[in-house]
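These are my notebook entries on one protein model. I record what I looked up, entry by entry.

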Amino acid sequence: MTSEAIHSVVDTTNEILYFTEIHRSKQKADADHPFGHGREIYFWSFVVFAVDLRAGCRVAIYEGVSRILEPVPIESPVVSYAVFALAFVFEGASWLVSLRQFSDVKGEMGFIDCDQAQQGSAIIL
């Protein structure tokens, strides 16, 4: 449960960083950034990857191995179900936001048509 709770916190932090990258990449060019801030989206994507990999994976592996080596009986299954329910809600909301953004970008094309049209290139939201 600790692993799932930390995973949810990491995912929420990732979403905040994604919103930051989208906002900052849309800023206009200025004297310090004559070509604009569009490339910041790549920096923040890397930061999200690093946070997710380091925090989420390491904690999940540590918790998994420690619980296999020293099993602990479940004290309150209600807490476990509450954590899973909240994780489901937050992950589902994140998925819906991603799906809406993807649907806006792909327009009238179907999902398969969009994949074939974008072969070799990525859709940047």
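Entry 1, a term fixed beforehand. I call a residue buried when its relative accessible area is under 20%, exposed when that area is over 50%, and partly exposed in between. I looked up C57 by this rule: its relative accessible area is 37%, so C57 is partly exposed. C57 is found in helix α2. I also noted that the C-alpha atoms of C57 and I6 are separated by 9.9 Å, with their positions 51 residues apart along the chain.

Entry 2, the model and its confidence. I note that the model is predicted. Its mean pLDDT is 76, and 85% of the residues reach 70 or more. I looked up where confidence is highest and found helix α3, residues 77-106, at a mean of 86. Confidence is lowest in helix α4, residues 111-117, at a mean of 58.

Entry 3, the overall fold. I counted 4 helices and 0 strands in the protein. Read from the N terminus, the order of elements is α-α-α-α. I then asked how contacts are distributed along the chain. Among contacts between residues at least 6 apart in sequence, 59% join residues at least 24 apart.

Entry 4, burial and surface. Of the 125 residues in the protein, 18% are buried. The protein exposes about 9,700 Å², and carbon and sulfur atoms supply 66% of this area.

Entry 5, the length of helix α2. I checked the span of α2, which covers residues 40-69. With 30 residues at 1.5 Å a residue, α2 should span 44 Å; its end C-alpha atoms are 43 Å apart, so the two values agree. I listed the buried residues of α2 as E40, I41, W44, V47, V48, G56, E63 and S66.

Entry 6, the salt bridge. How many salt bridges does the count come to? I found 1 salt bridge. It joins the side chains of E63 and R67, with 3.5 Å from N to O. Side chains of opposite charge can pair when their charged atoms come close. I noted the spacing as well: E63 and R67 are 4 residues apart in helix α2, so about one helical turn separates them. Is E63 buried or exposed? E63 has a relative accessible area of 15%, and therefore counts as buried. R67 is partly exposed because its relative accessibility is 43%.

Entry 7, a nonpolar patch. I looked up the surface for nonpolar patches and recorded one of about 460 Å², made by I61, V65, I68 and L69. I68 lies in helix α2. Its relative accessible area is 69%, so I68 is exposed.

Entry 8, the surroundings of D52. D52 is placed in helix α2. At 28% relative accessibility, D52 is partly exposed. Which residues does D52 touch, leaving aside those up to four places away in sequence? I found V10, D11, N14 and C57. For V10 I also recorded the spacing: its C-alpha atom is separated from that of D52 by 6.3 Å, although the two residues are 42 apart along the chain.

Entry 9, T20 and W44. I located T20 in helix α1, residues 2-25. T20 counts as partly exposed because its relative accessibility is 26%. I then looked up its distance to W44: the two are 7.8 Å apart, C-alpha to C-alpha, and 24 residues apart in sequence. W44 is one of the buried residues of α2.

Entry 10, helix α3 and what follows. I repeated the length check on α3, which has 30 residues. From its first C-alpha to its last, α3 reaches 42 Å, close to the 44 Å expected at 1.5 Å a residue. Its buried residues are S80, V83, A87, S94 and K106. I noted that G107 follows α3 and that the phi of G107 is positive, near 65 degrees.

Note on methods. Residues numbered from 1 in each chain as written. Predicted model: local features only at pLDDT ≥ 70, side-chain atom pairs only at ≥ 80, totals over all residues. Heavy atoms only, no water. Helix = DSSP H or I, 4+ residues; strand = E, 2+ residues; numbered from the N terminus. Expected span 1.5 Å × (residues − 1). Buried < 20%, exposed > 50% of the residue type's maximum accessible area, 1.4 Å probe, protein only. Salt bridge = Lys/Arg side-chain N within 4 Å of Asp/Glu carboxyl O. Contact = heavy atoms within 4.5 Å. Areas by Shrake-Rupley, 256 points an atom, 1.4 Å probe, with all protein chains shown as cover. Patch = residues over 30% accessible without salt bridge, like charges linked within 9 Å, V, L, I, M, F, W, Y side chains within 5 Å. pLDDT = per-residue confidence, 0-100.
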